[in-house]
Amino acid sequence: MSLSNLAIAKTDDLPIRHEGDVHSGKVRSVYWLTMEDSARIIEQRGYQVSPGTQLAVMVISDRISAYEIIWQGEDGLQGVPGKGASLNATALHWFEEFEKAGLAGNHILESPHPLVWIVQKAQPVMVEGIARQYITGSMWRSYANGGREICGIPLPDGLENGQKLDELLITPSTKGILSGIPGVPEKDDVDVTRDQILDNYQAFEFHSPEDVSHYEKLLAEGFNIIADQADEAGQLLVDTKFEFGYIPNPSGDGHSMIYIDEVGTLDSSRFWDKDAYADGNIVENSKEMFRKFLCDAVPEADVLLNKERMEERVELGNSFKVPVEALMATSELYKKTAEQLTGKPMPEINNARQEILDSLSDFGIVD
């Protein structure tokens, strides 16, 4: 098997019947189904959703994104083998744990293949819910440069890189570009304060001020569930990002806030090796390891870290090819850590495109 077949990178050209354009994000492609197909599938599969709900097929790839660039590998290897299946399996595990704990539902209705989710449409909240238990990454860089607050939360002097914080910090940022909010630049991924969200809750697509507290509760309690299980698996949950949305209740009386996108994966979270941390060392067990590799491998790390140098970063992303060894090491890390977190082996995928289409054959949407 050639290296090009080990990872699936292109997922937006599958013969899945849909309406509108295929939305292709950093790692997933979303095929919105017609209302007719949605209604038929809801009835056939017995999904407990509100009448008139639109469905989508969400296909995850093995692409790897870091510093807002999708990176290409050497020798035709265009992604990280097994990464997509590991992400999906990890997120599904946490979604199920959240439901068992009575926190909230999620947008996934079925997973017919390790790379495929059938999801229901939700109205997204335009906030990325970020929770931090340790100071590191961008938070540390700001602190080291003299910053003593994050998202309006004051920070004490004397913190050290990698130190555990006295409390879990909720440090939200914008999801997409929002306009007309005082003090919030019209840019994606901008830190915002709790007061800014409360004062402009409708602009952030919350239904009520009370729902701001509700998303914080779902974020903190979800974080604690992941952190507790990760600890048992020898991992420390350092920080993580959740996203939320609203769906109409099946009974037709109001809406419920649910988890959307993914949760607790190696793409959306930082994990550190617990034993190494106890010995005073930080060993990254998440995508942060790949980010560190990039910073060490490229000619100038500031191109990756400085948002003012985005044009140079895009050029670097087009020219720099990640060595096969680095992608395969990342593959092993994703699979191993996912198995530790979920307690289950990761599935083996041999012919991703055909397996995806075969898994959807019973849905009547493969052209």
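**Exercise 1. Pairings of strand β15**

Start from one bridge: in β15, P124 has G245 as its bridge partner. Which strands are joined to β15 by bridges, and how many bridges are there in each case?

*Solution.*

Some ground rules come before the steps. The model is predicted: local features need pLDDT of at least 70, side-chain atom pairs count only at pLDDT 80 or more, and totals for chains, interfaces and linings use all residues. Residues are numbered from 1 along each chain as its sequence is written, and side-chain values use heavy atoms, with hydrogens and water left out.

Step 1. Fix the terms. Strands (E, at least two residues) and helices (H or I, at least four) are DSSP runs, numbered from the N terminus. Two strands pair if DSSP finds at least two bridges between them.

Step 2. Take β9 (residues 123-124). Two bridges join β9 to β15, and the two run antiparallel.

Step 3. Take β10 (residues 127-134). Four bridges join β10 to β15, again antiparallel. Here G129 stands opposite F242 of β15.

Step 4. Take β17 (residues 269-273). Five bridges join β17 to β15, antiparallel. D239 has R270 in β17 as its bridge partner.

Step 5. Take β16 (residues 255-260). Six bridges join β16 to β15, antiparallel. P248 has H255 in β16 as its bridge partner. β15 and β16 form a hairpin with six residues between the strands. In that hairpin, G252 takes a positive phi near 90 degrees.

**Exercise 2. Enclosure of β15**

Why is strand β15 described as largely enclosed by the rest of the structure?

*Solution.*

Step 1. Set the scale. Buried means under 20% relative accessible area, exposed means over 50%, and partly exposed lies in between (1.4 Å probe, protein chains only).

Step 2. Count. β15 covers residues 235-248, and twelve of its 14 residues are buried, so the strand is largely enclosed by the rest of the structure.

**Exercise 3. An open sheet and its helices**

In what order do the five strands of the open sheet stand? Which helices pack on the sheet?

*Solution.*

Step 1. Read the order. The sheet runs β1-β2-β3-β8-β7, with antiparallel pairing.

Step 2. Find the edges. They are β1 (23-24) and β7 (108-113), each pairing on one side only.

Step 3. Look at β1 more closely. Two bridges join β1 to β2 (residues 28-32), and these strands run antiparallel. S24 stands opposite S29 in β2.

Step 4. Add helix α2 (residues 83-100). Helix α2 packs on the sheet and touches β2, β3 (55-60), β7 and β8 (116-120). Contact means heavy atoms within 4.5 Å. The direction of α2 makes about 45 degrees with that of β8. Axes are lines fitted to C-alpha atoms, for helices over the stretch in contact, and angles run from 0 to 180 degrees between N-to-C directions.

Step 5. Add helix α11 (residues 352-359). Helix α11 also packs on the sheet, touching β3, β7 and β8. Its direction makes about 125 degrees with that of β7.

**Exercise 4. Aromatic rings**

How many aromatic pairs does a search of the whole structure find? Are the rings of W272 and Y277 stacked or edge-to-face?

*Solution.*

Step 1. State the test. Rings of Phe, Tyr and Trp (its six-membered ring) pair if their centres lie within 6.5 Å. Planes under 30 degrees apart count as stacked, over 60 as edge-to-face, and the rest as tilted.

Step 2. Count. The search finds 14 aromatic pairs.

Step 3. Apply the test. W272 and Y277 have ring centres 5.7 Å apart and planes at 25 degrees, so the pair is stacked.

Step 4. Check accessibility. W272 is buried at 0% relative accessible area, whereas Y277 is partly exposed at 25%.

Step 5. Look for a cluster. Ring pairs link F98, F206, Y215, F242, F244 and Y259.

**Exercise 5. Charges over rings**

Which rings have R45 and R148 over their faces?

*Solution.*

Step 1. State the test. NZ of Lys or CZ of Arg must be within 6 Å of the ring centre and within 35 degrees of the ring normal.

Step 2. R45 lies over the face of F363, at 4.2 Å from the ring centre.

Step 3. R148 lies over the face of Y143, at 3.7 Å from the ring centre.

**Exercise 6. Positive phi**

Where is D75 found, and is D75 buried or exposed?

*Solution.*

Step 1. D75 is a residue other than glycine with a positive phi, near 55 degrees.

Step 2. D75 is found in the loop between β6 (72-73) and α2.

Step 3. D75 counts as exposed, at 61% relative accessibility.
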